[in-house]
Amino acid sequence: MTNSTHETPAVTVGIDVSDLLTSFCVLDRQGEILEEGKVRTSPEGFTRRFAAVEPCRMVMEVGTHSRWASKLLADLGHEVIVANPWKVRLIANSIKKTDRSDAETLARLGRVDPKLLSPVLHRGDKAQADLAIIHARESLVASRRLLINQIRGTVKSFGARVPICDAAVFHRKAPDSLPQELRLDRIAAS
């Protein structure tokens, strides 16, 4: 997605992607602001706004939406640079942190020297999907652990204990260990 040259591009667009609305700032070769605005953060919104723009350099930070957004913009013919905000102190430590100012800062840095942005390349579709599945499983396992620990702690606060067992059989072992105050049949009978 990155096809950067050392030549200052005719137009550079800084894009600060937020969840609902994305701010953008368009600079000319001399660094003058040609346009600023907002666009809906969606494939349709980006296509509507940037499909008719002559191919130019577009700069955004890595984030939740940057993967699809950078791919879409590259497919529209733009040179896309995805900045690593943790390595760009000018962005990360900015005192004047607004979507508008971040879009302008990204455009200015991208206009001068893309290497200043410590560009990142996103994973391919399959690798990203595999990673999403791994993260989802990690979240499920962590949630299960938290729930089991919550039940164990609650049961202990009533002076009882759930026997040590594997998480796979916890749901079968735990009900027999519940004190009367925590039993569902007690609640249903009231």
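Visitor: In which loop is threonine 41 found?
Guide: This model is predicted. Within it, threonine 41 belongs to neither of the elements that flank its loop, namely S3 and helix H1 (43–50). Threonine 41 is found in the loop between S3 and H1.

Visitor: Is threonine 41 buried or exposed?
Guide: The relative accessible area of threonine 41 is 9%. Buried means under 20% relative accessible area, so threonine 41, at 9%, is buried.

Visitor: Which residue has its backbone nitrogen 3.5 Å from a polar atom of the side chain of threonine 41?
Guide: Beyond four places in sequence, the contacts of threonine 41 include Leu20, Leu21, Thr22, Phe46 and Trp68. One of these contacts, Leu21, supplies the backbone nitrogen in question. The residue is leucine 21.

Visitor: Why is strand S2 largely enclosed by the rest of the structure?
Guide: Strand S2 covers residues 21–28. S2 is joined to S1 by six bridges and to S3 by seven. Strand S2 is largely enclosed because, of its eight residues, the number buried is seven.

Visitor: Which residue in S2 stands opposite isoleucine 15?
Guide: Strand S1 (residues 11–16) runs antiparallel to S2, and a hairpin of four residues joins S1 to S2. Opposite isoleucine 15 in S2 stands phenylalanine 24.

Visitor: What is the bridge partner of cysteine 25 in S3?
Guide: S2 and strand S3 (residues 33–40) run antiparallel. They form a hairpin with four residues between them, and glycine 31 in the turn has a positive phi of about 90°. In S3, cysteine 25 has as its bridge partner glutamate 36.

Key. Residues are numbered from 1 along each chain as its sequence is written. This is a predicted model: local features need pLDDT of at least 70, side-chain atom pairs count only at pLDDT 80 or more; totals for chains, interfaces and linings use all residues. Side-chain values use heavy atoms; hydrogens and water are left out. Buried means under 20% relative accessible area, exposed over 50%, partly exposed in between (1.4 Å probe, protein chains only). Helices (H or I, at least four residues) and strands (E, at least two) are DSSP runs, numbered from the N terminus. Two strands pair if DSSP finds at least two bridges between them. A polar contact is a pair of N or O atoms within 3.5 Å; within protein, one must be able to donate a hydrogen and the other to accept it, and residues adjacent in sequence count only if both atoms are side-chain atoms. Contact means heavy atoms within 4.5 Å.
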